[in-house]
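Here are my comments on the model you sent, set out as numbered points. Please read them with the sequence and the structure open beside you.

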Amino acid sequence: MTFPHASPFILAIRRDLLLAARHKTEIVTALFFFVIVVNLLPLGIGPDTDLLRKIAPGALWIGALLATLLGLQRLFAPDHADGTLEQMALSPQSFTLLVAGKIVAHWLVSGLPVVLIAPILGVQFDLPGRSLGLLMLSLLLGTPILSLIGAVGAALTLGVRGGGALLSLLILPLYIPALIFGAGAVEADLAGLGAEGHFSLLGAVLLVSLFFAPWATTAALRVALE
Amino acid sequence: MSRSLVNWFKYASPASFYPLAGRMIPYFAAAAAVLGLAGLWIGLLVAPTDAQQGEGYRIIFVHVPASWMSMFVYCVMAFWSALGLAFKTRLSGMMTAALAPTGALFAFLSLWTGALWGKPMWGAWWVWDARLTSQLILFFLYLGFIALQSSIDDPRRADKAGALLALVGVINVPIIYFSVQWWNTLHQGASVSMTKAPSMAHTMLAGMLLMALAFWAYTIAVALARVRCIMLERELSSEWVKRNATE
């Protein structure tokens, strides 16, 4: 190790980011999947601007959910296949911190690009400037929740038959609160109702999942490694 | 203290629980039949016709107990899961696995009867009401649990993974319920209010309680029968199964 004094948390983030940087296609593929899914919706629904403005927050949020799912299957699988995960579990460092680092790296690679590109897609849906900012903020608060809860599902389905489809079945129902408050914040603001309540609740869900998810993921990984 | 603990843990072993479950099944099955018939008799024949809904409301005697059961069974599954993770008892995972299909059945039944009830009363098979939506999501959670358990070959791992999922789910169920409720109130006005339940006649309440008890007894009987099958399947090579098979 080149950083003997760095915490395992930082090391795990560095390592996963480095790995992601060496396989750029994966990041780009997930991001373009998001862009394409969101762009397909107007094609299916029709170019009515008023309607599109109304469905924009929901459309972008659903795109974000699906894009997150795409990257989740690769969160632990390669490390599991080459034995790295087992070494992490056996290391004297806290396994939970290492796992938390991996989750943060996953968010940086799959969640953050979605947040950054969202305004461009929002413009396509004719969202006003204020809504674009709120949409970014809601995704900024919400996409970490998707990574955190998704990590639990990825750990539970690690090395299991039909992992990808099973992962979606397990995780998508648990994403509902994030979807409701995230998309709802922008919609409430568009309707003139104020978005503070939604943001508070989204933040609360983030804190709860921040507290429980790394722990539950670690427990699920230990089950998978037995 | 220590004595009662020993007695309880005795039945945590499949070998001693198997015969106990076998003895309990007939009683609960009989109770389910008797209570169910009594409940249906009160519900279909004795209870007065509703002033607003006519005879159509009588599906309530299946619908409401089924909804209660579907939520309650998930909590029981979470209870067994926590117990199984804390004490590493094999029986807990088996009980969770045995309860899941019944819970899913009740969730489905509650949605189905709700749709049948909704069509004549509200003019729609489905409305995006908070209770309907969260019931649907509960059904998805059951399906996810069953899918996860059945796709893991190693039963120990399947139990532990299922237990973790059930616990994550039980934390989420109230969050989902309230988020859906709030989402609904924002999107559309209260076009359909299910909270303003008309004050119920005593006979209606009695019928519903009898049906709920019948569903309880049915759930226990079916879960015990299923857990006996799971025990035999998993412990096929053990001594007590062979002893039971030869008897």
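1. I begin with one helix pair of chain B: α3(B) and α4(B) run roughly antiparallel to each other, because their axes cross at roughly 160° and an angle over 145 degrees is counted in that class. The axes of the two helices come within 8 Å, with α4(B) spanning residues 90-122, and the crossing in which α3(B) passes α4(B) is left-handed. Sorted by class, the residues of this contact are 16 nonpolar and 13 polar, with no charged residue among them. Please keep in mind throughout that this is a predicted model.

2. The loop between these two helices deserves a look of its own, since it is the place of Lys88(B). This residue is not a glycine, yet Lys88(B) has a positive phi of about 55°. Most residues other than glycine have a negative phi. Lys88(B) counts as partly exposed, because 13 C-beta neighbours lie inside 10 Å.

3. A second partner of α3(B), which covers residues 60-87, is α7(B), and here the axes are 9 Å apart and the packing angle is about 45°. The two helices are therefore oblique to each other, and α3(B) passes α7(B) in a right-handed crossing. On the α3(B) side the contact includes Ile60(B), Phe61(B), Trp68(B) and Met69(B), while α7(B) brings in, among others, Met208(B), Met211(B) and Phe215(B). By class this contact has 13 nonpolar and two polar residues, and no charged ones.

4. For chain B as a whole, the model has eight helices and zero strands, and buried residues make up 40% of its 247 residues. Among contacts in chain B with a separation of 6 or more, 79% are between residues 24 or more positions apart.

5. How many residues of chain B are in contact with chain A? There are 23 of them, and they meet 23 residues of chain A. The elements that give two or more residues to this side of chain B are α5 (130-151) and α6 (155-187), and α6(B) gives the most, with 14 residues. By class, the side of chain B that touches chain A has 17 nonpolar, four polar and two charged residues.

6. The largest nonpolar core holds 138 residues, and within it Ala155(A) and Ala220(A) touch the most other members. Helix α7 of chain B, residues 202-234, gives the most to this core, with 15 residues. Leaving out residues up to four places away in sequence, Ala220(A) touches Val152(A), Ala155(A) and Leu156(A), and also Ala161(B) and Leu164(B) from chain B.

7. In chain A, I would draw your attention to helix α3 (residues 49-81) and helix α5 (residues 95-124), whose axes come within 10 Å and cross at roughly 150°. That angle makes α3(A) roughly antiparallel to α5(A), and α3(A) passes α5(A) in a right-handed crossing. Residues of α3(A) in this contact include Ala56(A), Leu60(A), Gly71(A) and Leu75(A), and they belong to a set that meets residues of α5(A) including Lys102(A), His106(A), Val114(A) and Leu121(A). The contact divides into nine nonpolar residues, six polar and one charged.

8. Is Asp126(A), with 12 C-beta neighbours inside 10 Å, buried or exposed? Asp126(A) counts as exposed, because the class takes in residues with 12 or fewer such neighbours. Asp126(A) lies in the loop between α5 and α6 of chain A, and its phi is positive, at about 60°, although it is not a glycine.

9. My last point concerns Gly159(A), whose place is in the loop between α6 (129-156) and α7 (163-171) of chain A. Gly159(A) counts as partly exposed, because it has 13 C-beta neighbours inside 10 Å. Setting aside neighbours within four places in sequence, Gly159(A) is in contact with His80(A) and Ala224(A). Gly159(A) and Lys54(A), by contrast, are 41 Å apart in space, C-alpha to C-alpha, and 105 residues apart in sequence.

How values were computed: Residues numbered from 1 in each chain as written. Chains lettered and ligands numbered in written order. Predicted model: local features only at pLDDT ≥ 70, side-chain atom pairs only at ≥ 80, totals over all residues. Core = buried A, V, L, I, M, F, W, Y, C linked by C-beta atoms within 7 Å. Buried ≥ 20, exposed ≤ 12 C-beta atoms within 10 Å, placed from the backbone. Helix = DSSP H or I, 4+ residues; strand = E, 2+ residues; numbered from the N terminus. Contact = placed C-beta atoms within 7 Å. Nonpolar A, V, L, I, M, F, W, Y, C, P; charged D, E, K, R; others polar. Axes fitted to C-alpha atoms, helices over the stretch in contact; angles between N-to-C directions. Parallel < 35°, antiparallel > 145°, perpendicular 65-115°, else oblique. Left-handed = near helix turned anticlockwise from the far one by under 90°.
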